[in-house]
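User: I'd like a close look at a single part of this model, please. Could you keep it friendly for a first-year student?
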Amino acid sequence: MSDRAANAKAFVAQNQEPVVFDGVVAKYGNGHIALSGISCKFQHGTSTALVGANGSGKTTLLRMMCGLAQPYQGTITPDPSKKTIALVAQQHGQRSWMPLTVANVLRMSRFRDRGLVKRFSAADRILIEESAERLEVANLKNRQFQELSGGQRQRVMVAQALAHDADVLLMDEPITGLDIPSQEAILRIVDEERQRGRIVVISTHHMDEAELCDQVLLLANRMVAAGTPGEVLTNKNLQEAFGLRMAHGDEEDCVFHGEHDSHEGGVVHVFNDHGHGHDHGHGHDHFDC
Ligand SMILES: Nc1ncnc2c1ncn2[C@@H]1O[C@H](COP(=O)(O)OP(=O)(O)OP(=O)(O)O)[C@@H](O)[C@H]1O
Ligand SMILES: [Mg+2]
């Protein structure tokens with residue numbers, strides 16, 4: 001980390017109140033219940049991993065946390081409008097029509113505090129430069145955002161979120177599609193931002209990423225388990241969440257994989273490559289025997 005990044009460690013969130021979900025139900029306009037009975041707490045200075053199969057409600061929970069979706073039932077306190085929240089969304093393709101340089105995308109992070117017309121202060125510039133350095137995107141700043149590769153865009157979006165300097169940092173599958181050094185950089189950032197006093201929440205399909213967090217919420221359109229990684233990431237819970245046989249842990253605890261990866265009834269190993277892929281032959285860090 002640069003001296004500048006180290007100096008910035010002095011962050012203390014203005015509002016240290018934890019975010020509490022109490023009996024939250026999420027229902028989409030088509031009547032689909034994406035989540036029900038969600039009760040959990042997110043403390044400042046801690047990191048949380050949301051784990052669950054595709055469609056289990058991870059993105060929906062993050063959307064509710066930042067106020068993009070309202071609970072159908074239950075409460076979220078404090079109201080998301082009472083905190084500053086930065087969200088790195090799951091997909092960045094929808095921004096590809098915008099003729100913006102990377103520098104512009106990063107500058108957008110400061111508009112909330114600075115407005116569109118006020119001059120950027122030295123502090124704004126330091127925040128942007130430090131974030132760009134930490135994600136190794138400083139060398140891309142004159143490039144068109146729409147011309148970047150998927151992994152480069154992802155790193156720019158994480159840098160933008162960091163430069164928000166928000167109380168709450170939400171990242172939806174932040175390491176999906178990234179090369180190994182970039183994945184490691186993001187994992188370091190999760191840890192550093194938590195140490196700075198933020199609430200950090202990520203969704204992930206990678207057990208090794210989830211295991212580094214203070215808290216894991218295992219979702220299957222409801223809360224299957226919540227607690228420390230050791231408490232939550234057990235074979236029994238994973239099988240309950242995925243409705244499938246899954247292997248996790250040492251050999252004694254191990255369950256073999258089958259041939260097919262269907263979300264409906266077969267056997268799937270979702271944690272073995274980048275994001276939504278379902279690789280059958282290799283790279284099963286924690287789940288193969
Ligand atoms: N805009 C929407 N309208 C209706 N239903 C939706 C909408 N967005 C999501 N859903 C449904 O809500 C459920 C939860 O979706 P969500 O995107 O939160 O899952 P996820 O855990 O993030 O999945 P993934 O791992 O694929 O990203 C799914 O059944 C999904 O089909
Ligand atoms: Mg999602």
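How many bridges join strand β1 to β4, and in which direction do the two run?

Analyst: Happy to zoom in on that sheet. Keep in mind that this is a predicted model, where local features need pLDDT of at least 70, side-chain atom pairs count only at pLDDT 80 or more, and totals for chains, interfaces and linings use all residues. Residues are numbered from 1 along each chain as its sequence is written, while chains are lettered from A and ligands numbered from 1 in the order in which they are written.

Now for your strands: β1 covers residues 19-27, and four bridges tie it to β4, with the two running antiparallel. (Strands here are DSSP runs of E with at least two residues, numbered from the N terminus, and two strands pair if DSSP finds at least two bridges between them.) Want one of those links by name? Look at Val20, whose bridge partner in β4 is Thr77.

Step back a little and you'll see an open sheet of three strands, in the order β2-β1-β4, with antiparallel pairing. The edges belong to β2 (33-42) and β4 (73-77), each of which pairs on one side only. The sheet also has some twist to look for: on average, neighbouring strands are turned by 20° against each other, direction ignored. That angle is taken between axes, which are lines fitted to C-alpha atoms, and angles run from 0 to 180 degrees between N-to-C directions.

Just past the end of your strand's numbering comes Tyr28, which is among the residues that come nearest to ligand 1, out of 13 around it; "around" here is a C-beta atom, placed from the backbone, within 6 Å.

Methods. Two strands pair if DSSP finds at least two bridges between them.
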